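Take a moment to look at the model below and turn it around on your screen. Then let us walk through its pockets, its cores and a pair of loop residues.

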Amino acid sequence: MNTAAVAVGGRKIQMIQVKDKALTMGRELTASETICGLTSSRNSLVVAYDSQPWLEVISMDGTVLHQLDKSGTSQHFKYPYFMCTTQNGSVFVSDIDTDTITKVDNQFNMLQTFTSPLLDIPCGIIAVTEDQILVCSNNNHSIVLLQPSSNTMSTLLGEDDGIEEPHNLTYCPDLKKVYVASTGFTGTIKVYQMS
C-alpha cells in the first residue's frame, strides 16, 4: 500500500491510500497555517506556509519536528512557495520573491542557493533525478533545468514549445513525460516527452 498527502481546504492535509488501484481516505492532519507547498522527506511531511512559520517538518501523525520561522537564517526566504524532494531526502524550495531555488536538508540546514536570470517567479518544482530539477519560470514562460552538481541552469522548454505562464508540473518516470499546468489564459495542462 502507498500513501499520498494532499493539501486541501487551506490548513488541511488529507492522507490518501492507494491499494490495488483503489483510493481510500486515510487520516486528516491540520497544519499550523495556510499551506502553499507540500512534499515528503524521509517518512515525514515538509510544509511551506504563506506566513510565519515559513516551513515545517511534521510527522505522519501531525507532530511538528522542525520549524523555520522569519528569524535567523530563515531571513533567506521571502516567499517560499513550491517544494520537491530528491530520493536522498534533499528538499528544493522555490522562492517567488527572491527568484531563487534553495536546497535544504530535512532539518532546514541551508545547503545551496541557486540564482539565474532564467528564474523569474519560480513556481512549481520537481526532481527528475538527484541532478535534474525542473522549475517553472512563470514570467519567463519556460521550464528551467537546474543541475545542482554543476550549479547550472538551462531552458528545457520555452514559448516556442507552447509554454505560457507555467505554474506547476509533475514528472512520470515510467512514461518519461512532464506534465505542465499553466496559469495563462489557456489554463491548460500540456504533456511533453522527455528523452
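## Pockets, cores and two loop residues

In the lining of the second largest pocket, strand E12 gives the most, with three residues. This is a predicted model, so please read everything here in that light. The complete lining of the second largest pocket is Thr85, Thr86, Gln87, Ala127, Val128, Thr129 and Glu130.

How does the largest pocket look beside it? Its lining has 28 residues, and Ala4, Ala5, Leu38, Thr39 and Ser40 lie nearest its centre. Strands E1 (2-8), E4 (35-41), E8, E12 and E16 each supply at least two residues of that lining. The table puts the two pockets side by side.

| Pocket | Volume | Nonpolar lining residues | Polar lining residues | Charged lining residues |
|---|---|---|---|---|
| Largest pocket | about 880 Å³ | 20 | eight | no charged |
| Second largest pocket | about 170 Å³ | two | four | one |

Now for the cores. In soluble globular proteins, nonpolar side chains tend to be buried together. Here, the largest nonpolar core has 29 residues. Those with the most contacts inside this core are Phe92, Ile101, Ile125, Ile133, Leu134, Ile143 and Leu169. At least two core residues come from each of the strands E8 (80-85), E12 (122-129), E13 (132-137), E14 (142-147), E15 (152-157), E16 (166-172) and E17 (177-182). You have met E12 already, and it is E12 that provides the largest share of this core, five residues.

Which residues does Leu169 touch, not counting those up to four places away in sequence? Its partners are Gly124, Ile125, Ile126, Leu134, Cys136, Ile143, Val178, Tyr179 and Val180. There is also a second, separate core, made of 12 residues, and Trp54, Val57, Phe77 and Val93 are among them.

Finally, two loop residues are worth finding. Phe108 sits in the loop between strand E10 (100-104) and strand E11 (110-115). Its phi is near 70°, a positive value in a residue other than glycine. Is Phe108 buried or exposed? Its relative accessible area is 5%, so Phe108 is buried.

His141 is found in the loop between E13 and E14. Phi of His141 is near 50°, again a positive value in a residue other than glycine. With a relative accessibility of 19%, His141 counts as buried, because buried means under 20% relative accessible area.

Technical notes:
Residues numbered from 1 in each chain as written. Predicted model: local features only at pLDDT ≥ 70, side-chain atom pairs only at ≥ 80, totals over all residues. Heavy atoms only, no water. Core = buried A, V, L, I, M, F, W, Y, C linked by side-chain atoms within 4.5 Å. Buried < 20%, exposed > 50% of the residue type's maximum accessible area, 1.4 Å probe, protein only. Helix = DSSP H or I, 4+ residues; strand = E, 2+ residues; numbered from the N terminus. Contact = heavy atoms within 4.5 Å. 1 Å grid on protein atoms, 1.4 Å probe; cavity = no way out; pocket = protein on both sides within 12 Å on 5 of 7 lines; lining within 4 Å. Points joined across faces, edges and corners; volume = space filled by probe spheres on them. Nonpolar A, V, L, I, M, F, W, Y, C, P; charged D, E, K, R; others polar.
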